[in-house]
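User: I have a model open and would like to go through it with you. Can we take the sheet and then the aromatic rings?

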Amino acid sequence: MVKKLWYQKEVKEVLEDVRSSLQGLSFEESKIRLDKYGPNELKESKKRTPFIMFLDQFKDFMIIVLMVAAVISGIIGDVTDTIAIVVIVVLNAVIGFVQEYRAEKAMEALKMMAAPSASVLRNGDQSLIPAREIVPGDIVVLEAGMVVPADLRLLESVQLKVEEAALTGESVPVEKTTSPLHKEMIPIGDRRNMAYKGTIVSYGRGKGVVVATGMETELGKIATMLQTEKEVKTPLQKRLARFGQRLAIAVIALCAIVFVIGIMRGVSPILMLLTSISLAVAAIPEALPAVVTISLALGARKMVRQNVLIRKLPAVETLGSVTYICTDKTGTLTLNKMSVEELYVDGSMVRSSEFAAPSTAPHTTLFKAMALSNDVTTDADGKVIGDPTEVALYQASEKVGSKKDDLEKDNKRISEIPFDSDRKCMTTVHTDRNGGGHSFTKGGVEIILASSVNIMTSEGTKDINREEIIRESERMAADGLRVLAVGMRKWNSVPEKMISEEVESGLTFLGLVGIMDPPREEAMEAVSLCKSAGIKPVMITGDHPVTARAIARRLGIIEDSGEVITGTYLESLPMEEFGRKAEKIRVYARVAPEQKLKIIKAIQDKGQFVAMTGDGVNDAPALKRADIGIAMGITGTDVSKEASHMILLDDNFATIVKAVKEGRRIFDNIRSFITYTMTSNAGEIWSIFLAPFLGLPIPLLPIHILWVNLLTDGLPGLALSVEKAHKDIMKRPPRQPNESIFAHGLGTRIIWVGLLMGGVTLFTQAWAIKTGITHWRTMAFTVLCLSQMGNVLAIRSERESVFSLGLFSNKPLIMAVLLTFALQMATIYVPFLQPIFKTNALTFGELLFALAMSSVVFIAVEIEKYFRRIFRGRNI
């Protein structure tokens, strides 16, 4: 026999199972249970110390390669390079440490949600005790404003409503009951006879027996997931790690070959050793971590102006790799504000865009009922306060001029029958000018219809066509609207006793009201932009499937026939079968926290990069697991914010899409820098590697290699990080998750441009030697350095010409190129620098020849891009 869950059991059965009674536990028994079960608090797993956290930042392979390069630079006397590398490595470590240290705060925020104290029954008397001392079997007394201190099975509910948004994502307070539920798998949001730790009582009062404390509560399960779930490495971190490993192997092999060939040709072993070591240092792009960090930091700064706060810097670039955006519905795709979308009155449907001052009796009376049968109030600042549904009714009636304050002057409320879950309706009774009165009743469609005897039309009251009204209400519900019916009754004299069976009968039916949290206008455009960018938007919500489908359809996330998967169905699916479906499903409804995690893992297992939005505590484990977790700045809990990589300051889905564009721009710029630095380094390597095979002396001295490396990798490379986004950036599909950083011809480009750069340098050397120029090394040195400036101008875009981009559109880059040119000229023409750099002054003709040769790389890359544009449809 399957063991019953708490929400399936009768109250008596629950009390027996926890060995308690309606009078609560005795003080002695509570102490025994406290020793047995432990305190009612969330426990943290063992933390790393800040020192260990800092040391862990130096484990990255690229950082190890850089540190080795720094040591070698120091050994050969290049202290400047050593200092530069050490500063870059330490800066990276500090930034990484700060991000990780802040990420550890998620558990602290989760613990802050716990109630500090609770009201319980001990020996039949009500006592206020610290919440950590609550044990299973305690009877907890709940009142409005209280934080639920543990997981409870409710024993008593008097108009009790609990705000569960933090745990379930449900935006509307949930009305609670005590009756057992008979289904086996019920999502947390539908367990109406349970109250969970960390949720808030918003209305009414009640009692419940504690069935779980501490880490056994639903909040505790989330804490466990949060502590056990590891963050995944970002795409950039993965790509740079692979890049660093391959680069290190290639550099060691090349330098060994250069050293051996030099020795075989009779060159001094000491000179060849220094040359090989200098080449090794030059080949390592030590500016890469700095460029990456600066690019990400500038991107993060720019994103703040677009309402995105970046908590973890690598997340900036990760956005550009995202292939799926899994988003919550409420507040992100929708306004998080209930509004009246549709009315059915006087036999016709009226949309909110068509609302106008009522001109017929049915319209006038319906709006009057919406305004008066309403408990909404306004504060001193004019802010509307009340139940979200009633706020929607109030604002709709006010929009057409039916203002509650004005109407109450002639329609004073004298009595009411509050809503309860058994009747499924509420009634307010008002006086009128003639000494009589009238009552308005609103509630479920079937309830109001059953209590109505006729319907108000513009031609007077008529018999009700019940089938037509049921049909209209079903159509509205199918569109995702929450449908209320409104009726009224006139009284010659107001009844003295408010007996629901009498007051809520003999009604005149007024109409139907369809309410919804509507989609944001900008969200539809954002979803469309996602699709054009090859990103698949997925809705994951705690709301009902019908509502989820309606919103998803209106936004274009799914077509009319699109599948909506519920949490209950998902629970019954074997992981293998779900794995096959995961990439195709676009809408999930009524999902539990662990199911969000299941969804993300299933998509990630298919090799996809997933962004996940969330605002509740229940979202925190999934936010941490996602490739990029996005918390809501307005509605988000502290727990979700601390677990996230970035925070949306305006809770708007459209802002995510803007951030994706920025992420793509940043990756493009990092890729441009890698192209630039690796082609430059390749040019140096090919120059030295090929010279012996061509019967030429080594064209560069160690000081030349290190100077070119320091000068060209620095400011010009950094200036690439501020390049603007190209016009087609959101028309391209996302990068393939397993794609190499050298994809789309980057590796080929590095080889051929490096070969061309080395070839131009060696041609200059050979020509100078043949024509009897003694300072051929100065010419080769100058051509190599300035060729890299032509290269950096040309590779700003992989396809677009620098002239169509605008030669001066990246002013920092122009300034960097001019400064590099000036410094290179100083090594040639400033007398005291000549002995240091082993250079000689060039004649005007020699300088012109060097400049002409330096422009060859620029021209060749521009020609290659021209052919790329011609064959844009081909992968060349």
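Analyst: Yes. This is a predicted model. It has an open sheet of eight strands with mixed pairing, in the order 8-26-25-24-9-21-23-22.

User: Which are the edge strands?

Analyst: Strand 8 (308–310) and strand 22 (564–566) are the edges, and each pairs on one side only.

User: How many degrees are neighbouring strands turned against each other on average?

Analyst: The average turn between neighbouring strands of this sheet is 20 degrees, with direction ignored.

User: Back to strand 8. In which sense do strand 8 and strand 26 pair?

Analyst: Antiparallel: strand 8 and strand 26 (residues 646–648) share three bridges. Within that pairing, Leu309 is placed opposite Ile647 of strand 26.

User: Which strands does helix 26 lie across?

Analyst: Helix 26 (residues 653–690) lies across strand 8, strand 9 (324–327), strand 21 (536–541), strand 24 (610–614), strand 25 (628–632) and strand 26. The helix runs at about 155 degrees to strand 9.

User: On to the rings. How many aromatic pairs does the structure hold?

Analyst: There are six aromatic pairs. One involves Phe578 and Tyr588, with ring centres 6.3 Å apart and planes at 80 degrees.

User: Why is that pair edge-to-face?

Analyst: Angles over 60 degrees count as edge-to-face, and the planes of Phe578 and Tyr588 are at 80 degrees, so the pair falls in that class.

User: Where in the chain do Phe578 and Tyr588 sit?

Analyst: Phe578 is in helix 22 (residues 575–581) and Tyr588 is in strand 23 (residues 587–589). The two are 10 residues apart, and the pair links distant parts of the chain.

User: Is Phe578 buried or exposed, and what about Tyr588?

Analyst: Phe578 counts as buried because its relative accessibility is 0%. Tyr588 is also at 0% and counts as buried.

User: What about Trp767 and Phe849?

Analyst: Trp767 and Phe849 form a stacked pair, at 4.1 Å centre to centre and with 20 degrees between the planes. This pair also links distant parts of the chain: Trp767 belongs to helix 29 (residues 746–770) and Phe849 to helix 34 (residues 844–870), 82 residues apart.

User: And what is the relative accessibility of Trp767?

Analyst: It is 31%, so Trp767 counts as partly exposed.

User: Last topic, charges over rings. Which residue lies over the face of Trp6, and which over Trp491?

Analyst: Lys9 lies over the face of Trp6, 4.5 Å from the ring centre. For Trp491 the residue is Arg489, at 4.0 Å from the ring centre.

Conventions:
Residues are numbered from 1 along each chain as its sequence is written. This is a predicted model: local features need pLDDT of at least 70, side-chain atom pairs count only at pLDDT 80 or more; totals for chains, interfaces and linings use all residues. Side-chain values use heavy atoms; hydrogens and water are left out. Rings of Phe, Tyr and Trp (its six-membered ring) pair if their centres lie within 6.5 Å; planes under 30 degrees apart count as stacked, over 60 as edge-to-face and the rest as tilted. Helices (H or I, at least four residues) and strands (E, at least two) are DSSP runs, numbered from the N terminus. Buried means under 20% relative accessible area, exposed over 50%, partly exposed in between (1.4 Å probe, protein chains only). A charge sits over a ring if NZ of Lys or CZ of Arg is within 6 Å of the ring centre and within 35 degrees of the ring normal. Two strands pair if DSSP finds at least two bridges between them. Axes are lines fitted to C-alpha atoms, for helices over the stretch in contact, and angles run from 0 to 180 degrees between N-to-C directions. Contact means heavy atoms within 4.5 Å.
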